[in-house]
Amino acid sequence: MTDHRPWRGVLVATALPLNDDLSVDYDRYAEHCTWLVGNGCDGVVPNGSLGEYQVLTPEERARVVETAVAAIGGERVMPGVAAYGSAEARRWAEQAGEAGCRAVMLLPPNAYRADERSVLAHYAEVARSGLPVVAYNNPIDTKVDLVPELLARLHGEGYIRGVKEFSGDVRRAYRIAELAPELDLLIGADDVLLELAVAGAKGWVAGYPNALPRACVELYRAAVGGDLGTALPLYRHLHPLLRWDSQVEFVQAIKLSMDIAGRHGGPCRPPRAALLPGQEAAVRAATEKALAAGLG
C-alpha cells in the first residue's frame, strides 16, 4: 500500500457471495476479503459490476462497504460509487468516507450518453465529497468514453487521481502519460494486464484474483517489475481465464471459477442468467487446467 494512494497494487473487484435465496452472505464476504489480503492482494473494490451493485438495495450496498472495512481496514477498501445521478454518487462517496475508506471509484454518468460538460460536472460533484476519486473508463458498457484528453482535463481540474482503464486500447496508456503524467493508470481489464503493466500501470483493479489470487499477484508483481521471464509464461497460462473479465458473462464465469477452486462463488441475482453449457465447460476446463498447473 502506498501512502495516500490506496489504489496502487492489486485491488480485487470483489464478487459478492449470495445465499441460495439470493440474500447477501456478509460473513462469507468478510472472510473473502480477509482471504484475498492474506493471499497477497493489496485491497478490495466492493460495489463494482462484479459485486452486482446494480441489483443491491441501498441498505445492502452500504453494509457491503462496512463489512469490507471491518474485515481488512478502510485504507484497503476503495468502493465503487456509481449511480445514475451525481448527487447520489456523491452520497455514496460520503458514505464510504464515513465508513473509513480513503478513496472511491467512479464511472461517468451512465443513464445516458453524457457529453463532456456533463462528465466534468459529475466528477466535480463527487470530488466535493473530499475523497480522492479514481475514474473508471468503461465505454463498452456506459457508452461514455473517457478519452485521454478528457482524463487529462479531469485530472487538471483536481477531480480525479487515477483511472481504471477498461477500453482495451493499450495505446492510450502512453497518451495518458504524456498528457497527465501524475495521473495513475490502473489496469481495468484482466486480459490486457501485461500490456498495461509494461506501459507503466500503477495498479490493477482485478477480477480473477477472486479465484486464483496467488498466481494473479505473482503475475502482476512480475509484470510491473519488468520480469517478463516470469510474467509471460504465467500470462499465457492464465489468459484463457483472464479474457472472461471482458465478456458479458464475466460475473458468472469468475464465480464458477471460485466454486471450482474451492471458494464460494455461488449464484448471481437476476437478470444475470446461468452460463450456457458450452461457456460453463470452457470456464471449467480453463480453471481446472490452471489449478493442475499449481496456479491457485
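R90 is partly exposed, with a relative accessible area of 23%. The label fits because partly exposed covers the range between under 20%, which is buried, and over 50%, which is exposed. Keep in mind as you look around that this is a predicted model. The side chain of R90 meets that of E125 in a salt bridge, with N and O 3.0 Å apart. R90 belongs to helix α3 (residues 86-99) and E125 to helix α4 (residues 116-127), so this pair, 35 residues apart, links distant parts of the chain.

That salt bridge has company: a search of the whole structure turns up 19 salt bridges. Let's visit a few of them. E31 and R263 join through their side chains, N to O, at 2.8 Å. Here the partners are 232 residues apart: E31 sits in helix α1 (residues 26-38), while R263 sits in the loop between α11 (250-260) and α12 (277-292). How covered are these two residues? E31 is partly exposed at 38% relative accessible area, whereas R263 is buried at 18%.

Another pair is D42 and R221, whose closest N and O atoms are 2.8 Å apart. D42 lies in the loop between α1 and β2, R221 lies in helix α9, and 179 residues separate them. D42 has a relative accessible area of 10%, which means it is buried. R221, at 36%, counts as partly exposed. Salt bridges can also link up into a network, and here D145, E165, D169, R171 and R172 do just that.

Now turn to the sheet. Which order do the strands follow? Seven strands form an open sheet, and reading across you meet β2-β1-β7-β6-β5-β4-β3, with parallel pairing. At the edges are β2 (43-45) and β3 (104-106), each of which pairs on one side only. On average, neighbouring strands in this sheet are turned by 30° against each other, ignoring direction. As for what joins strands in a sheet, they pair through backbone hydrogen bonds, either parallel or antiparallel.

Strand β6 (residues 184-187) is a good place to zoom in. It runs parallel to β5 (residues 162-165), and four bridges join the two strands. With β7 (residues 203-206), β6 pairs over two bridges, again in the parallel sense. You can use L186 as a landmark: K164 stands opposite L186, and G203 in β7 is a bridge partner of L186.

What about the two faces of β6? In a regular strand, side chains alternate between the two faces of the sheet. In β6, D184 and L186 are on one side, L185 and I187 are on the other, and all four are buried, so both faces are covered. Helix α9 (residues 213-224) lies across β1 (9-13), β6 and β7, and runs at about 140° to β1.

Next, have a look at P139, which is found in helix α5 (residues 139-142). Is P139 buried or exposed? With a relative accessibility of 17%, P139 counts as buried. Setting aside neighbours within four places in sequence, P139 is in contact with V144, D145 and S167. You may recognise D145 from the salt-bridge network. For a sense of distance, P139 and I260 are 121 residues apart in sequence, and their C-alpha atoms are 31 Å apart in space.

The surface has something to show as well. Y174, V198 and L228 make a nonpolar patch of about 300 Å². L228 lies in helix α10 (residues 228-242) and is partly exposed, with a relative accessible area of 43%.

Finally, a few backbone details. Most residues other than glycine have a negative phi, and most peptide bonds are trans. Against that background, where does phi turn positive in this model? N47 has a phi near 60°, and K143 has a phi near 65°. N47 is in the loop between β2 and α2 (58-72), and K143 is in the loop between α5 and α6 (148-156). N47 is buried at 3% relative accessible area, whereas K143 is partly exposed at 49%. As for the peptide bonds, the one from P270 to P271 is cis, with omega near 15°. P271 lies in the loop between α11 and α12, and R263 from the salt bridge with E31 sits in that loop too.

Notes: Residues numbered from 1 in each chain as written. Predicted model: local features only at pLDDT ≥ 70, side-chain atom pairs only at ≥ 80, totals over all residues. Heavy atoms only, no water. Pairing = 2+ DSSP bridges. Axes fitted to C-alpha atoms, helices over the stretch in contact; angles between N-to-C directions. Contact = heavy atoms within 4.5 Å. Patch = residues over 30% accessible without salt bridge, like charges linked within 9 Å, V, L, I, M, F, W, Y side chains within 5 Å. Areas by Shrake-Rupley, 256 points an atom, 1.4 Å probe, with all protein chains shown as cover. Salt bridge = Lys/Arg side-chain N within 4 Å of Asp/Glu carboxyl O. Buried < 20%, exposed > 50% of the residue type's maximum accessible area, 1.4 Å probe, protein only.
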